[in-house]
Every structure is written in C-alpha cells, then in structure tokens.
Amino acid sequence: MSGRLTVKKSNIYGKGCFALTHFPARKKIALYEGEFIKGSRKIQARIRKQSETAVKIITLDDDHAIDGAVGGNETAFINHSCDPNAFIRIVPGLKVAIFARRDIQPGDEVTVDYRDPDHPEVCRCGATNCRSNRKRS
Ligand SMILES: [Zn+2]
C-alpha cells in the first residue's frame, strides 16, 4: 500500500479509491497491482465469474490480464466515471498504471473511464456528460 491512496465509501458505487495527496495532471498515481493471468480462456472465465459483482480485471491483450481482486492495491477500487480524473495506460513490462488526467486534490475520488461496452445503463457517476444522461435525452 502506497500511503498516497486510501479506500473508503464512495458516492458513486460501493467503495472507492481516494487520493491522500496531490497528483499533478499527467503524473503516475500508482500501478494497478494484482494477479497476472495468462490465457484468453482463463481471462474470460474469470471476467464472467466477477461480472456478478465487480470486475477487477484489466486486460492487456487477448492473452494477458491483471486481476486486481487477487493481491491488488487501492487502485482495484477505482470507480468508473464518464468524466474521469484519471486514466489507465499499459506500461512497459506488461504492467498497468493509473495516471492523473487532471490535477487531483487530496480527498478527491480517483475515477477512470473503463470504456466498457457493457457500461451499465444506469451510471451514477454524476458527471454532466454521463453516458446514461445522454441515453435518456
Ligand atoms: Zn456516467
């Protein structure tokens, strides 16, 4: 655990990941840690299993993924937002890192856009440009 992030109750969904310190825009926040999974079948099976609760798997490519549910850090609790303050990047060495998209202040909830095609119909991220708002209008 980094000491720069914490997990607590979120207004978006369940628990969320919150900054304890200032992260300037474009700076790395943390690595997305977890179990490294190899093999597309294994990855798909685990996504299906987790889809009943919360999917904590980030796929690097068809054959490699990281499962934050196993040995993950605070970043496994990052919620989706349609107007996020952070983004996910695959970095050298088949690792995944979270970067600040804009200045993040201590106490801010860290959010990313998972760009999930299965983005829930009802999203509670609260962003003015939320995709579920757009669907309604
Ligand atoms: Zn949304």
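These legends accompany close-up views of a predicted model.

**View 1. The whole chain.**
The predicted chain holds two helices and 10 strands. Along the sequence, these elements run β-β-β-β-α-β-β-β-β-β-β-α. The C-alpha atoms fill a box of roughly 40 × 40 × 25 Å along the principal axes. The radius of gyration is 15 Å, which agrees with the value near 14 Å for a compact globule of 137 residues. Of the 137 residues, 28% count as buried. Among contacts with a separation of 6 or more, 65% join residues 24 or more positions apart.

**View 2. The four-stranded sheet.**
Four strands line up in the order β1-β2-β10-β7. The sheet is open, and its pairing is mixed. Its edge strands are β1 (5-9) and β7 (79-80), each paired on one side only. Strands of a sheet pair through backbone hydrogen bonds, either parallel or antiparallel. Which sense applies to β7 and β10? Their pairing is parallel, over two bridges. Within that pair, His80 has Val112 as its bridge partner in β10. β2 and β10 also pair over two bridges, but in the antiparallel sense. Here Phe18 is matched with Glu109 of β10 as its bridge partner.

**View 3. The hairpin of β1 and β2.**
β1 pairs with β2 (residues 15-19) in the antiparallel sense over five bridges. Val7 stands opposite Cys17 of β2. Five residues lie between the two strands of this hairpin. Gly14 takes a positive phi near 50° in the hairpin.

**View 4. The two sides of β10.**
β10 spans residues 109-112. In a regular strand the side chains alternate between the two faces of the sheet. Which residues of β10 point one way, and which the other way? Glu109 and Thr111 point one way from β10. Val110 and Val112 point the other way. All of these residues are buried. Two of them are also bridge partners: Glu109 for Phe18, and Val112 for His80.

**View 5. The three-stranded sheet.**
A further open sheet has three strands, in the order β3-β9-β8. The pairing in this sheet is antiparallel. β3 and β8 (86-91) are its edge strands, and each pairs on one side only. From one strand to the next, the twist averages 30°. β8 and β9 are joined over six bridges in the antiparallel sense. Ile90 has Val96 of β9 as its bridge partner.

**View 6. The largest nonpolar core.**
In soluble globular proteins, nonpolar side chains tend to be buried together. The largest nonpolar core of this model has 24 residues. Which of them touch the most other members? They are Ile29, Ala86, Ile98 and Val110. At least two core residues come from each of β2, β3 (28-31), β5 (57-61), β6 (64-67), β9 (95-100) and β10. Val110 is one of the buried residues of β10.

**View 7. Contacts around Ile29.**
Which residues does Ile29 touch, not counting those up to four places away in sequence? They are Phe23, Ala86, Ile98, Phe99, Ala100 and Val110. Three of these contacts, Ala86, Ile98 and Val110, are listed with Ile29 as touching the most other core members.

**View 8. Arg26, a positive phi in a loop.**
Most residues other than glycine have a negative phi, and most peptide bonds are trans. Arg26 has a positive phi near 75°, and is not a glycine. The residue sits in the loop between β2 and β3. Is Arg26 buried or exposed? Arg26 is exposed, because 11 other C-beta atoms lie within 10 Å, and a residue with 12 or fewer counts as exposed.

**View 9. Leu94, a positive phi in another loop.**
Leu94 is not a glycine, although its phi is positive at about 50°. The loop that holds Leu94 lies between β8 and β9. Leu94 counts as partly exposed, because it has 13 C-beta neighbours inside 10 Å. That count falls between the cut-off of 12 or fewer for exposed residues and that of 20 or more for buried ones.

Notes
Residues are numbered from 1 along each chain as its sequence is written. This is a predicted model: local features need pLDDT of at least 70, side-chain atom pairs count only at pLDDT 80 or more; totals for chains, interfaces and linings use all residues. Two strands pair if DSSP finds at least two bridges between them. A nonpolar core is a set of buried Ala, Val, Leu, Ile, Met, Phe, Trp, Tyr and Cys residues joined through C-beta atoms within 7 Å. Two residues are in contact if their C-beta atoms, placed from the backbone, lie within 7 Å. Axes are lines fitted to C-alpha atoms, for helices over the stretch in contact, and angles run from 0 to 180 degrees between N-to-C directions. The radius of gyration is taken over C-alpha atoms; the globule rule is 2.2 Å times the number of residues to the power 0.38.
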